[in-house]
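Q: I'm new to protein structures and would love a close look at a single part of this one. Could you pick a part and walk me through it slowly, explaining the terms as you go?

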Amino acid sequence: MKLHTPKTLPYIPVAPGALPILGHFAKMKNNQVAFLEETQKKLGPLFWLNAGFGQWTVVVTGEAAHTVMKNKETRSDVMGGEGDRITGHITTDTVSIKDGAPHRRIRGAIQSPFTPKGLTVSEIGALLEETAEKRTSGWKENTKLEILHETSVYALDIIFRMLGVADLDLPLWRKTYNDFVGPWTMIPFNFPGSPRWRSLKARDWMDKEFQKMIDQARATGDTKTMLGAIVHGTDEEGQGLEPKELFANLRILGLAGHETTAATVAWMFIHMGATPELWEEIREEAVAADSPPTSPKDMERFPKIEALFREVLRLYPVINVLTPRRVEEPIEIYGVKIPKDTSVSASLLSLSRDANLYPNPETLSLERWTKQAHRPKPSEAVQFGGGPHFCLGYHLAVFEGVVYTTIAARRLASLGLQPVLQGEIPKPTYMPLTRPPAEAKILLKPNYKA
Ligand code: HEM
(Lines give C-alpha, C1' and ligand atoms only; values in the text may rest on other atoms or scores of the structure.)
Protein backbone atom coordinates (compact mmCIF):
# COMPACT_ATOMS: atom_id res chain seq x y z
CA MET A 1 0.00 0.00 0.00
CA LYS A 2 1.52 3.32 -1.09
CA LEU A 3 0.98 5.96 1.58
CA HIS A 4 1.93 9.62 1.80
CA THR A 5 5.17 10.67 3.48
CA PRO A 6 6.64 14.06 4.48
CA LYS A 7 8.02 14.24 0.92
CA THR A 8 4.55 14.18 -0.63
CA LEU A 9 2.89 16.23 2.15
CA PRO A 10 5.65 18.67 3.16
CA TYR A 11 3.22 21.20 4.65
CA ILE A 12 2.82 19.05 7.79
CA PRO A 13 5.82 19.51 10.14
CA VAL A 14 8.07 16.54 10.96
CA ALA A 15 8.90 15.67 14.61
CA PRO A 16 12.59 16.33 15.25
CA GLY A 17 15.25 13.64 15.69
CA ALA A 18 14.32 10.92 13.16
CA LEU A 19 17.14 8.44 12.44
CA PRO A 20 17.56 6.45 9.22
CA ILE A 21 15.69 3.10 9.42
CA LEU A 22 14.73 3.48 13.12
CA GLY A 23 12.89 6.77 12.59
CA HIS A 24 11.74 8.23 15.93
CA PHE A 25 11.92 4.87 17.68
CA ALA A 26 15.01 5.76 19.75
CA LYS A 27 13.47 9.08 20.83
CA MET A 28 10.28 7.29 21.91
CA LYS A 29 12.14 4.46 23.63
CA ASN A 30 13.88 7.03 25.82
CA ASN A 31 10.66 8.70 26.98
CA GLN A 32 7.72 8.62 24.62
CA VAL A 33 5.50 10.76 26.84
CA ALA A 34 8.00 13.65 27.04
CA PHE A 35 8.85 13.33 23.33
CA LEU A 36 5.20 13.55 22.24
CA GLU A 37 4.37 16.41 24.61
CA GLU A 38 7.42 18.46 23.63
CA THR A 39 6.81 17.86 19.93
CA GLN A 40 3.18 18.96 20.21
CA LYS A 41 4.24 22.12 22.09
CA LYS A 42 6.83 22.92 19.45
CA LEU A 43 5.04 21.95 16.22
CA GLY A 44 1.34 22.25 17.05
CA PRO A 45 -1.49 19.73 16.97
CA LEU A 46 -0.45 17.80 13.81
CA PHE A 47 2.98 16.37 13.02
CA TRP A 48 4.68 13.56 11.14
CA LEU A 49 6.18 10.70 13.12
CA ASN A 50 8.22 7.76 11.84
CA ALA A 51 7.67 4.62 13.95
CA GLY A 52 10.61 2.88 12.23
CA PHE A 53 11.17 1.06 8.92
CA GLY A 54 9.62 3.93 7.00
CA GLN A 55 6.24 3.78 8.76
CA TRP A 56 5.26 7.46 8.55
CA THR A 57 2.07 8.59 10.22
CA VAL A 58 0.53 11.97 11.01
CA VAL A 59 -0.09 12.24 14.77
CA VAL A 60 -3.43 13.95 15.43
CA THR A 61 -3.68 15.49 18.91
CA GLY A 62 -6.63 16.98 20.82
CA GLU A 63 -10.33 16.81 19.94
CA ALA A 64 -9.67 15.82 16.30
CA ALA A 65 -8.23 12.52 17.53
CA HIS A 66 -11.87 11.42 17.90
CA THR A 67 -12.46 12.02 14.17
CA VAL A 68 -9.65 9.58 13.42
CA MET A 69 -11.02 6.94 15.81
CA LYS A 70 -14.61 7.18 14.57
CA ASN A 71 -13.45 5.54 11.33
CA LYS A 72 -15.96 7.46 9.20
CA GLU A 73 -13.37 8.81 6.78
CA THR A 74 -10.58 6.52 7.95
CA ARG A 75 -9.87 2.77 7.67
CA SER A 76 -7.96 0.36 9.91
CA ASP A 77 -6.16 -1.49 7.12
CA VAL A 78 -2.74 0.20 7.41
CA MET A 79 -1.39 -2.63 9.50
CA GLY A 80 -2.01 -6.25 8.81
CA GLY A 81 -2.65 -8.42 5.86
CA GLU A 82 0.04 -10.59 4.32
CA GLY A 83 1.40 -7.46 2.62
CA ASP A 84 2.39 -5.96 5.99
CA ARG A 85 5.94 -7.11 6.58
CA ILE A 86 6.13 -5.61 10.08
CA THR A 87 3.04 -6.91 11.91
CA GLY A 88 1.19 -9.01 9.32
CA HIS A 89 2.23 -12.28 11.01
CA ILE A 90 0.29 -11.16 14.11
CA THR A 91 -2.55 -8.98 12.85
CA THR A 92 -3.80 -10.70 9.68
CA ASP A 93 -7.46 -11.83 10.02
CA THR A 94 -7.90 -10.11 13.40
CA VAL A 95 -10.74 -7.83 14.41
CA SER A 96 -8.30 -4.90 14.79
CA ILE A 97 -7.64 -4.41 11.08
CA LYS A 98 -11.17 -4.88 9.71
CA ASP A 99 -13.79 -2.24 9.03
CA GLY A 100 -17.51 -2.09 8.30
CA ALA A 101 -19.38 -5.38 7.85
CA PRO A 102 -16.36 -7.74 8.26
CA HIS A 103 -15.44 -5.90 11.47
CA ARG A 104 -18.99 -6.12 12.81
CA ARG A 105 -19.12 -9.84 11.97
CA ILE A 106 -15.88 -10.73 13.79
CA ARG A 107 -16.48 -8.42 16.72
CA GLY A 108 -20.10 -9.59 16.98
CA ALA A 109 -18.94 -13.20 17.15
CA ILE A 110 -16.33 -12.74 19.87
CA GLN A 111 -17.74 -9.97 22.02
CA SER A 112 -20.33 -11.63 24.28
CA PRO A 113 -17.88 -13.07 26.86
CA PHE A 114 -16.30 -9.60 27.32
CA THR A 115 -19.47 -7.77 28.33
CA PRO A 116 -20.19 -7.31 32.06
CA LYS A 117 -22.92 -9.95 31.68
CA GLY A 118 -20.60 -12.37 29.85
CA LEU A 119 -17.86 -11.91 32.44
CA THR A 120 -20.37 -12.62 35.19
CA VAL A 121 -21.85 -15.71 33.46
CA SER A 122 -18.43 -17.27 32.90
CA GLU A 123 -17.56 -16.57 36.55
CA ILE A 124 -14.38 -14.72 35.68
CA GLY A 125 -14.37 -13.13 39.15
CA ALA A 126 -13.51 -16.49 40.74
CA LEU A 127 -10.75 -17.08 38.21
CA LEU A 128 -9.23 -13.63 38.77
CA GLU A 129 -9.38 -14.11 42.52
CA GLU A 130 -7.72 -17.52 42.38
CA THR A 131 -4.97 -16.28 40.05
CA ALA A 132 -4.24 -13.23 42.19
CA GLU A 133 -4.24 -15.30 45.40
CA LYS A 134 -1.74 -17.68 43.85
CA ARG A 135 0.56 -14.88 42.66
CA THR A 136 0.60 -13.14 46.04
CA SER A 137 0.56 -16.16 48.39
CA GLY A 138 4.36 -16.33 48.71
CA TRP A 139 4.80 -12.65 49.62
CA LYS A 140 6.56 -11.93 52.92
CA GLU A 141 8.63 -9.24 54.60
CA ASN A 142 11.53 -8.08 52.40
CA THR A 143 10.18 -9.78 49.25
CA LYS A 144 11.42 -7.69 46.35
CA LEU A 145 8.99 -7.63 43.44
CA GLU A 146 9.97 -6.81 39.89
CA ILE A 147 6.55 -5.36 39.61
CA LEU A 148 6.07 -5.41 35.84
CA HIS A 149 7.11 -9.06 35.69
CA GLU A 150 4.63 -9.87 38.50
CA THR A 151 1.72 -8.15 36.83
CA SER A 152 2.62 -9.51 33.37
CA VAL A 153 2.53 -13.10 34.58
CA TYR A 154 -0.81 -12.40 36.26
CA ALA A 155 -2.37 -10.82 33.16
CA LEU A 156 -1.13 -13.46 30.72
CA ASP A 157 -2.12 -16.35 33.00
CA ILE A 158 -5.62 -14.93 33.21
CA ILE A 159 -6.07 -14.86 29.47
CA PHE A 160 -4.73 -18.35 29.00
CA ARG A 161 -6.76 -19.72 31.88
CA MET A 162 -9.88 -18.06 30.45
CA LEU A 163 -9.16 -19.82 27.20
CA GLY A 164 -8.90 -23.14 29.02
CA VAL A 165 -5.12 -23.70 29.22
CA ALA A 166 -4.32 -26.10 32.09
CA ASP A 167 -2.40 -24.57 35.03
CA LEU A 168 0.57 -26.89 34.53
CA ASP A 169 0.96 -25.73 30.94
CA LEU A 170 0.96 -22.00 31.76
CA PRO A 171 4.78 -21.54 31.86
CA LEU A 172 5.14 -23.12 28.40
CA TRP A 173 2.32 -20.95 27.00
CA ARG A 174 3.91 -17.85 28.49
CA LYS A 175 7.27 -18.63 26.90
CA THR A 176 5.74 -19.52 23.54
CA TYR A 177 3.61 -16.41 23.56
CA ASN A 178 6.56 -14.17 24.26
CA ASP A 179 8.32 -15.75 21.27
CA PHE A 180 5.24 -15.02 19.18
CA VAL A 181 4.83 -11.32 19.99
CA GLY A 182 8.25 -10.19 21.28
CA PRO A 183 9.11 -6.71 19.93
CA TRP A 184 12.04 -7.97 17.82
CA THR A 185 9.65 -10.14 15.82
CA MET A 186 8.62 -6.89 14.07
CA ILE A 187 12.00 -6.88 12.28
CA PRO A 188 10.96 -8.23 8.89
CA PHE A 189 13.74 -10.80 8.34
CA ASN A 190 12.98 -14.49 8.55
CA PHE A 191 15.91 -16.92 8.76
CA PRO A 192 16.38 -19.95 11.07
CA GLY A 193 16.86 -18.74 14.65
CA SER A 194 15.73 -15.15 13.93
CA PRO A 195 12.97 -13.59 16.11
CA ARG A 196 10.54 -13.68 13.17
CA TRP A 197 11.30 -17.38 12.56
CA ARG A 198 10.72 -18.17 16.25
CA SER A 199 7.51 -16.14 16.16
CA LEU A 200 6.14 -18.17 13.25
CA LYS A 201 7.08 -21.45 14.95
CA ALA A 202 5.35 -20.29 18.14
CA ARG A 203 2.27 -19.36 16.11
CA ASP A 204 2.09 -22.87 14.59
CA TRP A 205 2.47 -24.49 18.00
CA MET A 206 -0.30 -22.38 19.52
CA ASP A 207 -2.66 -23.02 16.63
CA LYS A 208 -2.25 -26.80 17.06
CA GLU A 209 -3.00 -26.45 20.78
CA PHE A 210 -5.96 -24.15 20.10
CA GLN A 211 -7.32 -26.70 17.63
CA LYS A 212 -7.43 -29.35 20.37
CA MET A 213 -9.21 -26.95 22.71
CA ILE A 214 -11.66 -25.88 19.99
CA ASP A 215 -12.45 -29.53 19.17
CA GLN A 216 -13.20 -30.17 22.81
CA ALA A 217 -15.44 -27.09 23.13
CA ARG A 218 -17.35 -28.24 20.03
CA ALA A 219 -17.63 -31.81 21.29
CA THR A 220 -19.02 -30.72 24.66
CA GLY A 221 -21.17 -27.89 23.26
CA ASP A 222 -19.55 -25.61 25.84
CA THR A 223 -20.79 -22.03 25.59
CA LYS A 224 -20.19 -21.02 29.19
CA THR A 225 -16.40 -20.66 29.27
CA MET A 226 -14.77 -17.83 27.36
CA LEU A 227 -13.27 -20.18 24.79
CA GLY A 228 -16.61 -21.97 24.36
CA ALA A 229 -18.43 -18.64 23.91
CA ILE A 230 -15.95 -17.54 21.22
CA VAL A 231 -15.94 -20.90 19.40
CA HIS A 232 -19.76 -20.92 19.25
CA GLY A 233 -20.09 -17.13 18.94
CA THR A 234 -22.06 -15.62 16.07
CA ASP A 235 -22.95 -12.10 15.00
CA GLU A 236 -26.53 -10.81 14.79
CA GLU A 237 -27.03 -12.64 11.51
CA GLY A 238 -25.88 -15.92 12.98
CA GLN A 239 -22.49 -15.90 11.26
CA GLY A 240 -19.47 -17.25 13.13
CA LEU A 241 -15.79 -17.07 12.37
CA GLU A 242 -13.85 -18.86 9.62
CA PRO A 243 -11.23 -21.25 11.13
CA LYS A 244 -8.30 -18.93 10.27
CA GLU A 245 -10.16 -16.01 11.87
CA LEU A 246 -10.82 -18.04 14.99
CA PHE A 247 -7.09 -18.78 15.43
CA ALA A 248 -5.99 -15.22 14.66
CA ASN A 249 -8.43 -13.68 17.10
CA LEU A 250 -7.71 -16.16 19.89
CA ARG A 251 -4.02 -15.34 19.47
CA ILE A 252 -4.51 -11.57 19.47
CA LEU A 253 -6.32 -11.67 22.82
CA GLY A 254 -3.03 -12.38 24.56
CA LEU A 255 -1.36 -9.43 22.89
CA ALA A 256 -4.24 -7.01 23.35
CA GLY A 257 -4.94 -7.92 26.93
CA HIS A 258 -1.61 -8.76 28.47
CA GLU A 259 0.99 -5.98 28.51
CA THR A 260 -1.73 -3.34 28.54
CA THR A 261 -3.27 -4.48 31.82
CA ALA A 262 0.10 -5.49 33.27
CA ALA A 263 1.60 -2.02 32.72
CA THR A 264 -1.40 -0.29 34.29
CA VAL A 265 -1.46 -2.47 37.41
CA ALA A 266 2.33 -2.08 37.77
CA TRP A 267 1.90 1.75 37.76
CA MET A 268 -0.71 1.37 40.52
CA PHE A 269 1.87 -0.37 42.72
CA ILE A 270 4.61 2.08 41.79
CA HIS A 271 2.46 4.99 42.96
CA MET A 272 1.29 3.22 46.11
CA GLY A 273 4.92 2.32 46.82
CA ALA A 274 5.99 5.94 46.38
CA THR A 275 3.19 7.59 48.38
CA PRO A 276 2.37 6.11 51.82
CA GLU A 277 -0.82 8.21 52.12
CA LEU A 278 -2.13 6.74 48.87
CA TRP A 279 -1.26 3.22 50.02
CA GLU A 280 -3.11 3.89 53.28
CA GLU A 281 -6.30 4.93 51.44
CA ILE A 282 -6.19 1.86 49.21
CA ARG A 283 -5.34 -0.48 52.08
CA GLU A 284 -8.25 0.85 54.15
CA GLU A 285 -10.73 0.35 51.33
CA ALA A 286 -9.48 -3.18 50.55
CA VAL A 287 -9.58 -4.27 54.19
CA ALA A 288 -12.96 -2.69 54.96
CA ALA A 289 -14.69 -4.96 52.40
CA ASP A 290 -15.67 -8.54 53.27
CA SER A 291 -14.35 -9.96 50.03
CA PRO A 292 -12.77 -8.92 46.70
CA PRO A 293 -15.20 -7.89 43.92
CA THR A 294 -16.93 -10.85 42.30
CA SER A 295 -18.28 -9.16 39.15
CA PRO A 296 -17.73 -5.89 37.23
CA LYS A 297 -20.83 -4.44 38.93
CA ASP A 298 -19.48 -5.39 42.33
CA MET A 299 -16.52 -3.04 41.78
CA GLU A 300 -18.82 -0.30 43.09
CA ARG A 301 -17.60 -1.35 46.54
CA PHE A 302 -14.05 -0.28 45.60
CA PRO A 303 -14.31 3.27 44.24
CA LYS A 304 -10.80 4.31 45.26
CA ILE A 305 -9.07 1.25 43.86
CA GLU A 306 -10.95 1.66 40.58
CA ALA A 307 -10.08 5.37 40.60
CA LEU A 308 -6.40 4.53 41.00
CA PHE A 309 -6.57 2.22 37.97
CA ARG A 310 -8.17 4.99 35.90
CA GLU A 311 -5.78 7.68 37.12
CA VAL A 312 -2.54 5.82 36.39
CA LEU A 313 -3.89 4.85 32.99
CA ARG A 314 -4.76 8.49 32.34
CA LEU A 315 -1.26 9.57 33.35
CA TYR A 316 0.43 6.80 31.36
CA PRO A 317 -1.86 5.62 28.54
CA VAL A 318 -0.40 2.27 27.51
CA ILE A 319 -1.12 3.18 23.91
CA ASN A 320 -0.12 6.83 23.69
CA VAL A 321 -0.54 6.95 19.95
CA LEU A 322 -3.18 4.67 18.51
CA THR A 323 -2.39 2.17 15.76
CA PRO A 324 -2.58 4.09 12.50
CA ARG A 325 -5.61 4.55 10.31
CA ARG A 326 -5.61 5.24 6.55
CA VAL A 327 -7.52 8.23 5.26
CA GLU A 328 -10.12 6.95 2.77
CA GLU A 329 -12.15 10.17 2.25
CA PRO A 330 -10.01 13.34 2.28
CA ILE A 331 -10.45 15.22 5.57
CA GLU A 332 -9.56 18.61 6.95
CA ILE A 333 -8.08 18.70 10.45
CA TYR A 334 -7.28 22.02 12.16
CA GLY A 335 -7.57 23.67 8.73
CA VAL A 336 -5.02 21.28 7.15
CA LYS A 337 -6.09 19.13 4.19
CA ILE A 338 -5.24 15.46 4.67
CA PRO A 339 -5.62 13.52 1.41
CA LYS A 340 -6.67 9.92 0.80
CA ASP A 341 -4.00 7.35 1.66
CA THR A 342 -2.37 9.29 4.45
CA SER A 343 -1.69 7.33 7.62
CA VAL A 344 -3.08 9.17 10.68
CA SER A 345 -2.77 8.23 14.37
CA ALA A 346 -4.90 9.53 17.22
CA SER A 347 -2.89 10.77 20.21
CA LEU A 348 -4.59 9.34 23.29
CA LEU A 349 -1.91 10.96 25.42
CA SER A 350 -2.95 14.46 24.35
CA LEU A 351 -6.56 13.76 25.37
CA SER A 352 -5.58 12.07 28.62
CA ARG A 353 -3.51 15.02 29.78
CA ASP A 354 -5.71 17.79 28.38
CA ALA A 355 -5.94 20.48 31.07
CA ASN A 356 -9.43 21.45 29.89
CA LEU A 357 -10.69 17.95 30.56
CA TYR A 358 -8.53 17.27 33.63
CA PRO A 359 -7.45 20.32 35.67
CA ASN A 360 -3.83 19.87 36.90
CA PRO A 361 -3.43 16.99 34.50
CA GLU A 362 -0.01 15.95 35.84
CA THR A 363 -1.40 15.30 39.33
CA LEU A 364 -2.64 11.88 40.37
CA SER A 365 -6.01 12.50 42.01
CA LEU A 366 -8.46 9.76 43.02
CA GLU A 367 -11.10 12.43 43.59
CA ARG A 368 -11.39 13.14 39.88
CA TRP A 369 -13.29 9.87 39.79
CA THR A 370 -14.63 9.32 43.31
CA LYS A 371 -16.34 12.75 43.39
CA GLN A 372 -18.23 12.13 40.15
CA ALA A 373 -21.96 11.65 40.66
CA HIS A 374 -22.07 8.75 38.17
CA ARG A 375 -20.03 5.61 37.53
CA PRO A 376 -17.36 6.32 34.87
CA LYS A 377 -18.61 5.49 31.39
CA PRO A 378 -16.54 3.84 28.62
CA SER A 379 -16.59 7.22 26.82
CA GLU A 380 -14.60 8.66 29.75
CA ALA A 381 -11.88 6.07 29.20
CA VAL A 382 -10.25 7.34 26.04
CA GLN A 383 -7.12 5.31 26.85
CA PHE A 384 -9.17 2.36 25.57
CA GLY A 385 -9.77 4.09 22.24
CA GLY A 386 -13.10 5.18 20.77
CA GLY A 387 -15.41 4.45 17.85
CA PRO A 388 -15.99 0.97 16.47
CA HIS A 389 -12.61 -0.38 17.63
CA PHE A 390 -13.08 0.68 21.25
CA CYS A 391 -11.29 -1.90 23.41
CA LEU A 392 -13.15 -5.18 23.59
CA GLY A 393 -11.47 -6.00 26.90
CA TYR A 394 -12.36 -2.72 28.69
CA HIS A 395 -14.56 -4.24 31.41
CA LEU A 396 -12.22 -7.18 31.88
CA ALA A 397 -9.13 -4.97 32.19
CA VAL A 398 -10.59 -2.72 34.91
CA PHE A 399 -11.95 -5.78 36.73
CA GLU A 400 -8.55 -7.53 36.60
CA GLY A 401 -6.78 -4.47 38.00
CA VAL A 402 -9.26 -3.96 40.83
CA VAL A 403 -9.28 -7.65 41.86
CA TYR A 404 -5.48 -7.91 41.86
CA THR A 405 -4.95 -4.72 43.83
CA THR A 406 -7.66 -5.58 46.36
CA ILE A 407 -6.24 -9.04 46.98
CA ALA A 408 -2.64 -7.82 47.12
CA ALA A 409 -3.55 -5.01 49.53
CA ARG A 410 -5.51 -7.38 51.77
CA ARG A 411 -2.62 -9.84 51.82
CA LEU A 412 -0.09 -7.11 52.68
CA ALA A 413 -2.38 -5.72 55.37
CA SER A 414 -2.77 -9.17 56.93
CA LEU A 415 1.03 -9.47 57.09
CA GLY A 416 1.46 -5.91 58.43
CA LEU A 417 3.43 -4.96 55.30
CA GLN A 418 3.34 -2.13 52.81
CA PRO A 419 4.82 -1.72 49.30
CA VAL A 420 7.85 0.58 49.10
CA LEU A 421 9.13 1.71 45.73
CA GLN A 422 12.90 1.42 45.35
CA GLY A 423 14.09 4.78 44.03
CA GLU A 424 12.11 7.51 42.32
CA ILE A 425 8.96 7.06 40.24
CA PRO A 426 10.53 5.89 36.97
CA LYS A 427 10.03 7.41 33.54
CA PRO A 428 7.80 5.36 31.26
CA THR A 429 9.57 3.27 28.66
CA TYR A 430 8.25 2.26 25.25
CA MET A 431 8.57 -0.99 23.32
CA PRO A 432 6.12 -0.49 21.51
CA LEU A 433 3.60 -0.07 24.33
CA THR A 434 4.25 2.42 27.12
CA ARG A 435 5.03 0.80 30.43
CA PRO A 436 7.20 1.16 33.54
CA PRO A 437 10.76 -0.13 33.10
CA ALA A 438 11.26 -3.84 33.85
CA GLU A 439 13.78 -2.87 36.58
CA ALA A 440 11.18 -1.01 38.71
CA LYS A 441 11.15 -2.78 42.08
CA ILE A 442 8.81 -2.82 45.05
CA LEU A 443 10.07 -3.94 48.45
CA LEU A 444 7.58 -5.28 50.99
CA LYS A 445 8.37 -3.60 54.32
CA PRO A 446 6.64 -3.53 57.73
CA ASN A 447 3.74 -1.10 57.61
CA TYR A 448 4.69 2.15 59.29
CA LYS A 449 1.28 2.25 60.96
CA ALA A 450 1.18 -1.40 62.03
C1 HEM B 1 -5.42 -1.44 30.51
C2 HEM B 1 -5.71 -2.36 29.63
C3 HEM B 1 -6.04 -2.11 28.19
C4 HEM B 1 -5.87 -0.98 27.43
C5 HEM B 1 -5.29 0.35 27.85
C6 HEM B 1 -6.37 -1.30 26.10
C7 HEM B 1 -6.39 -0.40 25.06
C8 HEM B 1 -6.97 -0.65 23.83
C9 HEM B 1 -7.10 0.32 22.77
C10 HEM B 1 -6.60 1.76 22.82
C11 HEM B 1 -7.74 -0.28 21.74
C12 HEM B 1 -8.18 0.37 20.43
C13 HEM B 1 -7.23 0.07 19.33
C14 HEM B 1 -7.57 0.83 18.07
O15 HEM B 1 -8.58 1.53 17.99
O16 HEM B 1 -6.77 0.70 17.14
C17 HEM B 1 -7.99 -1.65 22.12
C18 HEM B 1 -8.59 -2.60 21.30
C19 HEM B 1 -8.75 -3.92 21.67
N20 HEM B 1 -8.51 -4.47 22.90
FE21 HEM B 1 -7.76 -3.51 24.53
N22 HEM B 1 -6.80 -2.59 26.08
C23 HEM B 1 -6.64 -3.13 27.33
C24 HEM B 1 -6.98 -4.40 27.74
C25 HEM B 1 -7.53 -5.37 26.94
C26 HEM B 1 -7.90 -6.71 27.36
C27 HEM B 1 -7.76 -7.24 28.79
C28 HEM B 1 -8.34 -7.38 26.25
C29 HEM B 1 -8.85 -8.79 26.11
C30 HEM B 1 -8.33 -9.84 26.66
C31 HEM B 1 -8.31 -6.44 25.14
C32 HEM B 1 -8.69 -6.74 23.86
C33 HEM B 1 -8.80 -5.82 22.84
C34 HEM B 1 -9.24 -6.16 21.49
C35 HEM B 1 -9.63 -7.54 20.99
C36 HEM B 1 -9.21 -4.95 20.76
C37 HEM B 1 -9.58 -4.76 19.28
C38 HEM B 1 -11.03 -4.32 19.18
C39 HEM B 1 -11.47 -4.00 17.76
O40 HEM B 1 -10.59 -3.76 16.92
O41 HEM B 1 -12.67 -4.00 17.50
N42 HEM B 1 -7.81 -5.24 25.59
N43 HEM B 1 -7.53 -1.85 23.41
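A: Happy to! Let's begin with the whole chain: of its 450 residues, 55% count as buried, where buried means under 20% relative accessible area, exposed means over 50% and partly exposed lies in between, with a 1.4 Å probe and protein chains only. Please keep in mind that this is a predicted model, in which local features need pLDDT of at least 70, side-chain atom pairs count only at pLDDT 80 or more, and totals for chains, interfaces and linings use all residues. Residues are numbered from 1 along each chain as its sequence is written, and side-chain values use heavy atoms, with hydrogens and water left out.

The protein chain has 17 helices and 12 strands; these are DSSP runs numbered from the N terminus, with at least four residues (H or I) for a helix and at least two (E) for a strand. Its radius of gyration is 22 Å, close to the 22 Å that the globule rule gives for 450 residues, so the chain is as compact as a globular protein of that length. That radius is taken over C-alpha atoms, and the rule is 2.2 Å times the number of residues to the power 0.38. Along its principal axes, the C-alpha trace spans about 65 × 55 × 45 Å. Contacts, meaning heavy atoms within 4.5 Å, often link distant parts of the sequence: of those with a separation of 6 or more, 72% are between residues 24 or more positions apart.

Now for our chosen part, strand β2. It covers residues 56-60, and five of the five are buried, so β2 is largely enclosed by the rest of the structure. Which residues lie on each side of β2? W56, V58 and V60 are on one side, with T57 and V59 on the other, and both faces are covered.

Next, meet the neighbours. Two strands pair if DSSP finds at least two bridges between them. Strand β1 (residues 46-50) pairs with β2 in the antiparallel sense over five bridges. Within this pairing, N50 has W56 as its bridge partner, while W48 stands opposite V58. The two strands form a hairpin with five residues between them, and G52 in the turn has a positive phi of about 115°.

Strand β8 (residues 343-346) is another partner of β2, and here the pairing is parallel, over three bridges. One of the links to look for joins V60 to A346 in β8.

Stepping back, you can place β2 in an open sheet of five strands with mixed pairing, in the order β1-β2-β8-β5-β3. The edges of this sheet are β1 and β3 (74-75), each of which pairs on one side only.

For a comparison elsewhere in the chain, try strand β9 (residues 417-421), which is mostly covered, with four of its five residues buried. Strand β9 runs antiparallel to β12 (residues 441-446), and five bridges join them. There, L417 has P446 in β12 as its bridge partner.
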